[in-house]
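Student: I've got a new model to look at. Can you walk me through it?
Tutor: Sure, put it up and ask away.

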Amino acid sequence: MGEEFAPRIVGFLCNWCSYAGADLAGATKQKVPSSLSVIKVMCSGRVEPALMATAYLRGADGVLLAGCHPGDCHYREGNYYARRRFALLEKTMETLGLEPERLMLAWVSASEGQRFGEVTNLFTEQIRQMGPSPLKKALL
Amino acid sequence: MESNGNGTSVLVIGAGVAGIEASLLLANSGAKVYLAEKASYFGGNVIKWEEVFPNMECATCMIAPKQQELLQNENIELLTLSQVEAVQGSVGDFTVKVKKKARYVDLENCIGCNECFEPCPVEVDNEFEEGLSKRKAIYIPCAGALPNAPVIDTDNCLRFKGEDCQLCQEACMFEAIDYTQQDEELELKVGAIVVATGFKTFDLTQTPQYGYKKLNNVYSIVEVERICASNGPTEGQIILQNGEAPKSVAIIHCVGREEKGYCSSVCCMASIKQAHFLKNKLPTVKVSQLYSDLCVPGRIYQKFYEEVKKSGVDFIRATVSEVTQQGIGLAIKYKTEDGEESTLNVDMLILAPAIEPEIGSSKLAEVLAIPQDEYGFFSEEEPDLDSVGTSREGIFIAGCAQSPKDIPDTVAEAEATVGKILSLSR
Amino acid sequence: MAKKIGVYVCECGNNIADNVDIDRVIEAISPLRDVAVVEKYRLLCSEDGKEYLKQSIKDHELTHLVVAACSPKQHEHTFMSVCEAANFNPYLFQMANIREQCAWVTQDKEEATDKAIRQIAAAIARVAYHEALEKRDIDVSPDVLIIGGGIAGIKAAQVLAAPDRKVYLVEKGSSLGGKVKGFDKLFTKMESGSVLIKNELKELQEDENIEVFTDSEVEQILGFFGNFEIKVVRKAANEELDFNVGAVVLATGFDLMDPKGLTQYGHGKLDDVYTSLEFEEMNFSTRKVLLKNGKPPESVAIIHCVGRENKGYCSKVCCMYSLKFARMLKVQLPKVKVSQLYSDLCIPGKAYQKFYEETKGLGVEFVRAEKTNVTQNGKSMTLKYESETGTKGDLAVDMVILVPAMEPSSDTNKFAEMLGIPMDDEGFPAQEHQKLAPVASSVEGVFVVGCAQGPKNISESIVQSEAAAGKILSSLVPGRKLELEVKTSEISETFCTGCKTCISVCPYSAISFDDFRKISVVNEALCHGCGVCAAACPSGAASVKNFAFTQIYQEVEALLK
């Protein structure tokens, strides 16, 4: 009997905004999918495409990158680099036929607890519709 | 940050953005800081805003790192629910009596889980949310408020009114609720004092022609800030009293300016910010601003005004004579400078009130023995030259406690008081 | 040495324990690699909890520590202090968030437990790769260089100077006092600017901790916060002086926009069209307001906001000083007719409206006007304007005072460039943070105050000088070293190819190029540890301490097992 597919999503959250927003989601008792796993980085600008690709290649069904809203980066410009790199990664994934829809970039501020819940639920549902990552079969 | 204890100790009164900045700088220099805040939370007025102009940065995110730093700084003793009762002595050697009201919650044990609210049977208007939502008698004013621990409002709590209720204590897993806590009288020895007590807004019921609290859907700009706030009573949804989104909004500037006799500096920008926010959230909304003189001083504000104007917001130079209810909407009668009279019909009216000194300023001025000016603001030592000193050496003022101003000028004044204090001890 | 990872799971009273099966968690993580001890505790952040943790670290001789509890943003700091108390390196420690991001957001207890196990396993895998990091500090100079000897520079010097802190005040002109020394009257008390400067200078000259350089220029500024190397040249003597300071204050003031380009006003063509500074000068030097023909004017027009449209910003102080001019005129020439042509009256703050109303009460006319132009009309001039609604009007005047926009002085631009401060869209040096750090520039240790930072009045300039002093006095304490960020970026000499990509992306200009070794080097005094360089580095040479690829990879792998 098959269990409902729970998408394994790895989220890279920046310390100052999105991680704080995720904490606030907790403090305000939002519902966040339990299949989301979180990695805290200091800045979304730390997350190079290779890291996100690695998560995907290691079997994540979806990869989320969350940072401060443009203009609000604690380190001034880090999130702009994150944005550019993400666009590049999406393009690369597309070129390689690797479903760029399994990646998501979201801006979540420290006061957006509810939004964090919304974003993660939306993304999880999106991935659920898509099904497990095709790479999983290759890994097993 | 570790302190080297340079022997200086300072009392900062008011833990808004000015008080926080002054405290952090002083603490980082090695000074011991007592930060007295009369509310149960700190962050002042800035944490009520959703976004600040003109870069539309999230206000709480902007100030959160500073708040965290403050809570973790060993040189700063944050005294919430505290007010200054008496000050004696002189610069370098003040003795201050502070009354610290009981929170009835143990800050060491409380982990901020909020479990104690649900069982409380009392519900009253939440002042932080400008009365737009309710709170319990044991409460935290809003999600994310710091310190993350509730306070018991003894005026409304059943137990403190004589009944035998202990539902909150029963719900607490950490033995954090302590009804036996007492108010404390603290005696502090400090070398200098910074007054950063901020502001309140003009009481809009004094200008009844605009219909505040009389007509439907007339709001003060502070109420609208809470409506727009993602951690506010509507979780950021901009809705009228009937739950629908407004299709047309008017913002009236300078409400109370005539009564007060001065320009409050920031209201034009705050109004423009509101218009920008509204247009972003409700792209088809029609926004009109009624003003007399547009005050967008300095190098960064005009650009913001021009962008907002370009986005389709109507700026009308006019004097408003009367606001009346028209069905569920409002009719605003106004006159432009050429004498022509018109009426603007809108769903929602936002009033931008004047800025006044915070409640209790007169009492504090008396306690500190420093003069107030004719408007009730604390008087600076030398108008036009020294904005942060007062006539009493060792006592400094910063921010809107001195005169209405924006956040950058407030922060600069807070930093200036630190400059003067640290150079005193040469 | 074999690793011994201690894992402590906090129940947080019932907050975690109710929603996460802690015993199952312990069961699942105990067999993980290098895990030496797994314990649970009711409330680790309590005094008892901290004491227990400290003792346990010592007793088990742990090499690494994981605490699974609330958010690290709550108590990472707390537990790092516990590590220090236990003589345990606080950087060999990692927290797993099983409260805010697990227990509190997951309804199903089984799922919450699975998630907790994953996050803790990730922390365990990661921490095994942590390095022991040490806090570092550097010697700094508490001295300060102030560029610009106007009111802002003078005030900054006064507040900063002390026996253990020298201040160097460099002024390119022959005397201190900037623009203010040439103002006969200042609003709102209508007192003398030159007397103010005289008094301030007296105080300055008596202070032996302030070294004043006039007729001098700052030729070079190298180094960084705490350690700037300054070169000053005394022009007349062609003498060069080198000294070190910890901070730099830029107080180079403003220039007025030249209205000659705005031909509609007739400046430079018509005899009696003056800029505000020219009017101040005339009034100050002769104490008399006279036309070019030697007679006093009978009617004066003051045109506000000249050049505002071109500049795109409001210069903040001009409405007020225009009112001041009106008063000065009325005092000197009681019968003179004064008209103010303006668009919006900018008089913010508690004191200015009263000043305006009193000025109006003197009989000064206020005309809201746009599209103003000035032409010669026989012996006098005609000023034509339009109201906002299009009604045309005109005035016969014999003197026009133009109130032009305030720009950053050319020196401001020069030094901003020298210091590497980017300029904002309006041409002023960019601030570290528009709201919360108004006097700090984006270059650490360099402060921009007064009108160099943006148009403002004298009291605001003084406040900014004092504010810069406050920031400097707070961070550069004589005898105290400057503590550096611990988790900084580092660039491996072996792997760096000298491509300089990291240098181009660093938001703090914290990376420089070593021309000799042909590699990039991180200045740890400036690095904030954001990691943008590490992400950009094509060869993996750049890495952030305790946020290295290998460490983060461990988390990824453990989370996806």
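Student: How many residues do chain B and chain C each put into their contact?
Tutor: Chain B puts in 73 residues and chain C puts in 69 residues. Keep in mind that this is a predicted model.

Student: What area gets buried there, between chain B and chain C?
Tutor: About 6,000 Å². Carbon and sulfur atoms give 49% of that area.

Student: How many salt bridges are found across the interface of chain B and chain C?
Tutor: There are 14 salt bridges. One pairs C:Glu426 with B:Lys303, with the closest N and O atoms 3.6 Å apart.

Student: And how many residue pairs are in polar contact across that interface?
Tutor: The count is 31 residue pairs, with both residues at pLDDT 80 or more.

Student: Which helices of chain B supply at least two residues to the side that touches chain C?
Tutor: Helix 1 (17–28), helix 2 (59–72), helix 7 (301–310) and helix 9 (407–424) of chain B. Helix 9 of chain B gives the most, with 13 residues.

Student: How do the residues on that side of chain B divide up?
Tutor: On the side of chain B that touches chain C, 33 are nonpolar, 19 are polar and 21 are charged.

Student: Give me one residue to zoom in on. Where is B:Ser265?
Tutor: B:Ser265 sits in the loop between helix 5 (257–260) and helix 6 (267–281) of chain B.

Student: Is B:Ser265 buried or exposed?
Tutor: Buried, because its relative accessibility is 14%, and the cut-off for buried is under 20%.

Student: What does B:Ser265 touch?
Tutor: Leaving out residues up to four places away in sequence, B:Ser265 touches B:Cys295, B:Pro404, B:Lys405, C:Pro348 and C:Gly349. The B:Ser265 side chain also reaches the backbone nitrogen of C:Gly349, at 3.3 Å.

Student: Switching partners. How many residues does the contact of chain C and chain A take from each?
Tutor: It takes 40 residues from chain C and 46 residues from chain A. The area buried between chain C and chain A is about 3,700 Å², and carbon and sulfur atoms give 57% of it.

Student: Which residues of chain C lose the most area to chain A?
Tutor: C:Lys73, C:Gln101 and C:Leu560. Together they account for 17% of what the chain C side buries.

Student: How many salt bridges are there between chain C and chain A?
Tutor: One salt bridge. A:Arg58 forms a salt bridge with C:Glu557, and the closest N and O atoms are 3.3 Å apart.

Student: And how many residue pairs in polar contact between chain C and chain A?
Tutor: The rule finds 20 residue pairs, both residues at pLDDT 80 or more. Several helices of chain C each supply at least two residues to the side that touches chain A, including helix 3 (72–85), helix 5 (109–127) and helix 16 (549–559). Helix 16 of chain C gives the most to that side, with seven residues.

Student: How do the residues on that side of chain C divide?
Tutor: Into 20 nonpolar, 11 polar and nine charged.

Student: Now chain C itself. What domains does the assignment give?
Tutor: Domain 1 (5–133), domain 2 (144–253 + 409–475), domain 3 (258–405) and domain 4 (485–545). The centres of domain 2 and domain 4 of chain C, taken over C-alpha atoms, are 32 Å apart.

Student: Where does C:Lys456 lie?
Tutor: In the loop between strand 25 (446–448) and helix 13 (458–475) of chain C.

Student: A lysine. Is C:Lys456 buried or exposed?
Tutor: C:Lys456 counts as buried, because its relative accessibility is 7%.

Student: What polar partners does the C:Lys456 side chain have? The backbone oxygen of C:Gly450 is what distance away?
Tutor: The backbone oxygen of C:Gly450 lies 2.7 Å from a polar atom of the C:Lys456 side chain. The side chain of C:Gln453 is also in polar contact with the C:Lys456 side chain, at 2.7 Å.

Student: Last one. Where is C:Thr382?
Tutor: C:Thr382 is in strand 19 (residues 380–386) of chain C. C:Thr382 is buried, with a relative accessible area of 13%. Its side chain makes a polar contact with the side chain of C:Asn377, at 2.8 Å.

How values were computed
Residues numbered from 1 in each chain as written. Chains lettered and ligands numbered in written order. Predicted model: local features only at pLDDT ≥ 70, side-chain atom pairs only at ≥ 80, totals over all residues. Heavy atoms only, no water. Contact = heavy atoms within 4.5 Å. Buried area = accessible area lost by both parts, 1.4 Å probe. Salt bridge = Lys/Arg side-chain N within 4 Å of Asp/Glu carboxyl O. Polar contact = N/O pair within 3.5 Å; in protein donor to acceptor, adjacent residues only side chain to side chain. Helix = DSSP H or I, 4+ residues; strand = E, 2+ residues; numbered from the N terminus. Nonpolar A, V, L, I, M, F, W, Y, C, P; charged D, E, K, R; others polar. Domains from an automatic or database assignment. Buried < 20%, exposed > 50% of the residue type's maximum accessible area, 1.4 Å probe, protein only.
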